[in-house]
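The reader is invited to look at the structure below before turning to the explanation.

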Amino acid sequence: VTVSPVDLRNVVAAKRDGKTLAPADIEAFVRAYVRGDASDALVASFLMAALLNGLDDTETLVLTTAMIESGRTVSFDALERPTVDKHSTGGVADGVTLVFAPLAAAMGLAVAKLSGRGLGHTGGTLDKLESIPGLRTDLTPEQIQRQVAEVGCAVAAQTADLVPADGAMYALRDATATVPSVPLIAASIMSKKLAVDTDLILLDVKAGSGAFMKTPEEARGLAAACRRLARDKGRACRVAVTDMSQPLGDSVGNALDIAEAIGILRGETRGRLRDLTVWFAGRASEALLDRAFDEACDLAARALDDGSALERFRAMVRAQGGDPAVADDPSSVLPAAPTVLRLLSDRTGWLASTSAEAIGLAAGTLGAGRARKGDPIDPSVGIVVHPKIGDRLEAGQDIGEIHARDEASAEVAATEVLAALDIAGSRVEAPPMVHEWME
Ligand code: URA
């Protein structure tokens, strides 16, 4: 069926007026956009109408299916290891995937995943990985299959071949303030997960100031929407709702996140990012290798400490065309910003809360994110901020660094980061790492 632009306008009008869309209308919309027959303006209007008026479960399923069918799919029939795909709904300093993929590979699993780019105030695994010189994420389905068989893990992008509809809509949502919608996020994430046929989809649904879902209740709604899509497609999916009330790791940028992930893969860096990654590796191994959860977590910690996860990371970087020396000496390989400003606490007390969103936005303004669709990012810039909720701070204490293109932008970011920290006069409890686990 050919649909004229006028028909698509009617689809937007129907959603604007709060109507439920017919499957054929949603399918026509996605097809037209991927073919280049629907303008960004028209599609952005559709996305905003869907954000404001919602999509019901059937509309969300039809949208997700149309997005999957906009490209090819990947399967792993010949593989002996069980396959897992772990995905985060998006956060700040959320480098779990960077560590999880090689770690799970070192533990006998195979990890195949399509990741995303930075979105809104959140960072994107693809942007982070591409800060490694030479590394490519635009793998073909055949390259993903081969790499997963040979290395045990591959982290790739949606491309012209793979879920192209998500590639196009994701960038448009980033540029048009149409990200925080449960059905749009669920369709975006699950189209990428369902296009790759793994034995288990492991979802990390983030809740808090650095997430799109600000409360655990909202996050449960997103988790339920994702689980429904997996169930309707006959796929195993387990979900954790985890804390994003503060940056998970300490580094918010692109090359900076890679350096932090390598510190964890080298067994050198401790903290919540390592702990949550070990937790997910434990869950994956429990589900797919029949291990007791605690024992699986011990094995995961050992694989970080004995270098076996690092060795898989090196192999993954090499297989994707990147410089494997990054695993041994990140600072000599990764791009570095010309200005590094030390961040000093301006108050004394206990860290009570951190606006992770404000820190993510400050990193974006430094150049780590995109203001407009298709903008280049600067892989070298970003923010390192060490304190976590509950930590004691002294005025003048060294609490991090701003990596910037120049002094002026570094000063602006430093002010924004300090304003994002809420300091209390009495002791504060650290938030839980995992709010809920849904098997
Ligand atoms: N991650 C995705 O892949 N898509 C979204 O919409 C949000 C997070």
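The paragraphs that follow treat the interior, one helix and the largest pocket.

This is a predicted model, in which local features need pLDDT of at least 70 and side-chain atom pairs count only at pLDDT 80 or more, while totals for chains, interfaces and linings use all residues. Residues are numbered from 1 along each chain as its sequence is written, and side-chain values use heavy atoms, with hydrogens and water left out.

The largest nonpolar core comprises 81 residues; such a core is a set of buried Ala, Val, Leu, Ile, Met, Phe, Trp, Tyr and Cys residues joined through side-chain atoms within 4.5 Å, where buried means under 20% relative accessible area with a 1.4 Å probe, protein chains only. Helix α5 (residues 96-106) gives the most to this core, with 8 residues; helices are DSSP runs of H or I with at least four residues, strands runs of E with at least two, numbered from the N terminus. Phe100 is among the residues with the most contacts inside the core. Beyond its neighbours within four places in sequence, Phe100 is in contact (heavy atoms within 4.5 Å) with residues including Val84, Leu202 and Phe280.

Helix α9 (residues 182-194) is mostly covered, as 12 of its 13 residues are buried. Among the buried residues are Pro183, Ile185 and Leu194. At the start of α9, a side-chain oxygen of Ser181 comes within 3.2 Å of the backbone nitrogen of Leu184.

The largest pocket is an open set of points on a 1 Å grid over the protein atoms alone, where a 1.4 Å probe fits, with protein on both sides within 12 Å along at least five of seven lines. Its lining, meaning residues with an atom within 4 Å of a point, has 33 residues, and Leu119 and Asp174 are among those nearest its centre. Helix α16 gives the most to this lining, with 6 residues.

Methods:
Buried means under 20% relative accessible area, exposed over 50%, partly exposed in between (1.4 Å probe, protein chains only). A polar contact is a pair of N or O atoms within 3.5 Å; within protein, one must be able to donate a hydrogen and the other to accept it, and residues adjacent in sequence count only if both atoms are side-chain atoms.
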